Structures are given as C-alpha cells and as structure tokens.
Amino acid sequence: MTDINPVWRIKKLTEIFGPAGEGWYPDNVTERTIQCGEEIAAFVSLNLYVKYSSGWSKPIFGSGGSMLYGKEKNGLYASDEAFKMAY
C-alpha cells in the first residue's frame, strides 16, 4: 500500500500550525460506508481549517477512504482502523 500514515498527517499539521484546536481543526466530519460486493469501504469527509497570523483559513475540503472489510487471500479481513485511516 502507498497510503500516507494517518498519524503522520496529524503530526505534520501540529508541527506546522500548532496543537489541534489552537492552530488547526476539522469540522463537518462525516463518516459513511459503501458495500462493494463482499467488501465494505469506509469513507470520511471533512473541512479542515488552519490558523495563520491573519486569522483562520477558508474551509479546505478533504475526503479519504479505506477498506473496512477487504478480501485477502485467506478471506475477508476486518480493519479496526479503517475510519482513522480514511480520516
């Protein structure tokens, strides 16, 4: 897989803009699942706001997805971190 590590994203935002809630924050976070045959994908959409010296940014839309139940060679695999990875 080539996904960016989900914790890395939060770490980078914190390094650049400061702690969550003070230098950046997500808003209008929505979660949903979509069934694709036997597999189920988890998706998250949100607006990200970052703080500059002049004030808060306009909303920056983001959307991501990850497999909640994915087919592997040994059958279906459930991911307990699918929504975190989608976020």
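Here are some short exercises, with worked solutions, on a predicted model of a protein chain.

**Exercise 1. Work out how the chain is built and how spread out it is.**

Step 1: Start with the elements. You'll find two helices and five strands in the chain.

Step 2: Put them in order. Going along the sequence, the pattern reads α-β-β-β-β-β-α.

Step 3: Now look at the spread. The chain has a radius of gyration of 15 Å, while the globule rule gives 12 Å for 87 residues, so the chain is more spread out than a compact globule.

Step 4: Check the dimensions. The C-alpha trace spans about 50 × 20 × 20 Å along its principal axes.

**Exercise 2. Describe the surface, the contacts and the charges of the whole chain.**

Step 1: Take burial. Of the 87 residues, 25% are buried.

Step 2: Take the surface. The accessible surface is about 6,300 Å², and carbon and sulfur atoms account for 55% of that.

Step 3: Take the contacts. Look at those between residues at least 6 apart in sequence: 40% of them join residues at least 24 apart.

Step 4: Take the charges. There are 9 positive and 10 negative ones, and their mean positions lie 7 Å apart.

**Exercise 3. Find Ser79, decide whether it is buried or exposed, and list what it touches.**

Step 1: Locate it. Ser79 sits in the loop between strand E5 (75-78) and helix H2 (82-86).

Step 2: Judge its burial. The relative accessibility of Ser79 is 11%, and buried means under 20%, so Ser79 counts as buried.

Step 3: Look for partners further off in sequence. Leaving out residues up to four places away, Ser79 touches Met67, Leu68 and Met85.

Step 4: Zoom in on the side chain. A polar atom of the Ser79 side chain lies 3.3 Å from the backbone nitrogen of Ala82.

**Exercise 4. Do the same for Ser45 and Gly64.**

Step 1: Begin with Ser45, which belongs to strand E2 (residues 39-52). Its relative accessible area is 11%, so Ser45 is buried.

Step 2: List the contacts of Ser45. Setting aside neighbours within four places in sequence, they are Asn28, Val29, Thr30, Arg32, Phe61, Gly62 and Ser63.

Step 3: Move on to Gly64, in strand E4 (residues 60-72). Gly64 has a relative accessible area of 16%, so Gly64 is buried.

Step 4: List what Gly64 touches. Not counting residues up to four places away, that's Ala42, Phe43, Val44 and Ala86.

Step 5: Compare sequence and space. Gly64 and Met85 are 21 residues apart in sequence, with 7.9 Å between their C-alpha atoms.

**Exercise 5. Look at Glu22: where is it, and is it buried or exposed?**

Step 1: Find the spot. Glu22 is in the loop between helix H1 (6-17) and strand E1 (24-36).

Step 2: Judge its exposure. Exposed means over 50%, and Glu22 has a relative accessible area of 55%, so Glu22 is exposed.

Step 3: Name its contacts. Apart from neighbours within four places in sequence, Glu22 meets Lys51 and Trp56.

Step 4: Try a distance. Glu22 and Val44 are 22 residues apart along the chain, and their C-alpha atoms are separated by 22 Å.

**Exercise 6. Say what stands out about the backbone of Asn28, then place this residue.**

Step 1: Check the angle. Asn28 isn't a glycine, yet its phi is positive, at about 55°.

Step 2: Place it. Asn28 lies in strand E1.

Step 3: Judge its exposure. With 49% relative accessibility, Asn28 counts as partly exposed.

Conventions
Residues are numbered from 1 along each chain as its sequence is written. This is a predicted model: local features need pLDDT of at least 70, side-chain atom pairs count only at pLDDT 80 or more; totals for chains, interfaces and linings use all residues. Side-chain values use heavy atoms; hydrogens and water are left out. Helices (H or I, at least four residues) and strands (E, at least two) are DSSP runs, numbered from the N terminus. Buried means under 20% relative accessible area, exposed over 50%, partly exposed in between (1.4 Å probe, protein chains only). A polar contact is a pair of N or O atoms within 3.5 Å; within protein, one must be able to donate a hydrogen and the other to accept it, and residues adjacent in sequence count only if both atoms are side-chain atoms. Contact means heavy atoms within 4.5 Å. The radius of gyration is taken over C-alpha atoms; the globule rule is 2.2 Å times the number of residues to the power 0.38. Accessible areas come from the Shrake-Rupley method with a 1.4 Å probe; for residues, only the protein chains shown count as cover. Lys and Arg count as positive and Asp and Glu as negative; His and the chain ends are not counted. The place of a charge is taken as NZ of Lys, CZ of Arg, CG of Asp or CD of Glu.
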